[in-house]
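Here is a friendly walk through one protein fold, written to be read with the structure open beside you. Please rotate the view as you go.

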Amino acid sequence: MAALFTGKVLVSNRERDEVETEQELQRALDNKVLLLYFGSGQCPRCRRFAPLLKDFFLRLTDEFYVDRASQLGLVYVSRDETEEQRSAFLRSMPERWLALPFGDAFGRELELRFSISEVPAVVVLKPNGEVIVGNAVEEIRSMGPACFQSWQEAAELVDRNFLLAEDWDKRSRRSITDPIRRLKYKLDKKMEAKNKEREEEGEDLE
């Protein structure tokens, strides 16, 4: 998904820093379902929807609600009239959000590319940039975080954290049981040797 923003600059809502290197973009966006949120802090419809989107995002990514954050990213594409309005809106939103810089012409390109005619609009994308949902506003309103599962399945994400945890768990179990297995193997070998000795002694007595 970082390919969509190659050569572009994104702003981190956490530290108000620019996220512009390829490595930073990959870390922030790759292997995630990406939401492009087109909106404005002054638009009445957006003001009603934004708290729902904030809650939706937090319930999937914040440690207060989940043990492990879902593979979900969001980029805010602003239609705010001033940079102050945009900044004020972002201050009330989750720190994990990213945003296009105010006045960035790429925002208009994204609107044309995804046929955005009104706001609020939430485009749901696979990591390769393919569209999962053209506008998920009503889906988020009606289903809340439950709709993420179908997006995740459609995106065919690689759950790296799960795979790492599974591999670690296997190694842990193996490291715990291996000494027991080796001890049992040694005991079995000793018993076999003793039985063989007894059999040989019995044959000698005969």
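The report below goes from the strands to a helix, then to the core and the aromatic rings.

## A word on the model

Please keep in mind that this is a predicted model. Residues are numbered from 1 along each chain, so the numbers below can be followed directly in the sequence as it is written.

## Strand β3 and its partners

A good place to start is β3, where 7 of 7 residues are buried. Both of its faces are covered. On one side sit V33, L35, Y37 and G39, and on the other L34, L36 and F38.

Which strand pairs with β3 in the parallel sense? That partner is β4, and the two are joined over 7 bridges. Within this pairing, L35 stands opposite L74, and Y37 stands opposite Y76. Between β3 and β4 the chain passes through α2, and this β-α-β crossover is right-handed.

β3 is also joined to β6 (residues 121–125), this time in the antiparallel sense and by 5 bridges. Here Y37 stands opposite V122, while F38 stands opposite A121. Y37 thus has Y76 of β4 opposite it and also V122 of β6.

## Strand β6 and its hairpin

Like β3, β6 is mostly covered: 5 of its 5 residues are buried. A121, V123 and L125 point one way from the strand, V122 and V124 point the other way, and all of them are buried.

After β6, follow the chain into β7 (residues 131–133). These two strands run antiparallel and are joined by 2 bridges, with V124 standing opposite V133. Together they form a hairpin with 5 residues between the strands. Look in the turn for G129, which has a positive phi of about 95°.

## From β4 to β5 by way of α3

In β4, 6 of 7 residues are buried. β4 pairs with β5 in the parallel sense over 2 bridges, and Y76 stands opposite A99 of β5. With α3, these two strands make a right-handed β-α-β unit.

The loop between α3 and β5 holds E95. How far apart in space are E95 and R14, C-alpha to C-alpha? They are 4.2 Å apart, although 81 residues separate them in sequence. Setting aside neighbours within four places in sequence, E95 is in contact with N13 and R14.

## The two faces of helix α3

Helix α3 spans residues 83–91, and R86, F89 and L90 in it are buried. Viewed down the axis of α3, the buried residues fall within an arc of 95°, so they line one face of the helix. The face turned away from that buried side carries the exposed residues E84 and R91.

What covers the buried residues of α3? The cover includes the strands β1 (10–12), β3 (33–39), β4 (72–78) and β5 (98–99), along with helix α2 (44–61).

## The nonpolar core

In soluble globular proteins, nonpolar side chains tend to be buried together. In this model, the largest nonpolar core has 50 residues, and those with the most contacts inside it are F5, L35, L36, Y37 and W151. The largest share of this core comes from α2, which supplies 7 residues.

F5 makes a handy landmark when exploring the core. Not counting residues up to four places away in sequence, F5 touches L10, L25, L29, L34, L36, V75, L100, F106 and L110. Among these contacts, L34 and L36 are also buried residues of β3.

## Aromatic rings

How many aromatic pairs does a search of the whole structure find? There are 10. One of them joins F89 and W97: the ring centres are 6.3 Å apart and the planes are at 50°, so the pair is tilted. F89 counts as buried at 10% relative accessibility, and W97 is buried too, with a relative accessible area of 0%.

Ring pairs link F89 and W97 with Y37, F49, F57 and Y76 into a cluster. Two residues of this cluster were met earlier in the strands, where Y37 of β3 stands opposite Y76 of β4. F89 was met in α3, as one of the buried residues of that helix.

Technical notes: This is a predicted model: local features need pLDDT of at least 70, side-chain atom pairs count only at pLDDT 80 or more; totals for chains, interfaces and linings use all residues. Side-chain values use heavy atoms; hydrogens and water are left out. Buried means under 20% relative accessible area, exposed over 50%, partly exposed in between (1.4 Å probe, protein chains only). Helices (H or I, at least four residues) and strands (E, at least two) are DSSP runs, numbered from the N terminus. The arc is that of the directions from the helix axis to the C-beta atoms. Contact means heavy atoms within 4.5 Å. A nonpolar core is a set of buried Ala, Val, Leu, Ile, Met, Phe, Trp, Tyr and Cys residues joined through side-chain atoms within 4.5 Å. Rings of Phe, Tyr and Trp (its six-membered ring) pair if their centres lie within 6.5 Å; planes under 30 degrees apart count as stacked, over 60 as edge-to-face and the rest as tilted. Two strands pair if DSSP finds at least two bridges between them. A crossover is right-handed if, with the strands pointing away from the viewer, the path from the first strand over the helix to the second runs clockwise.
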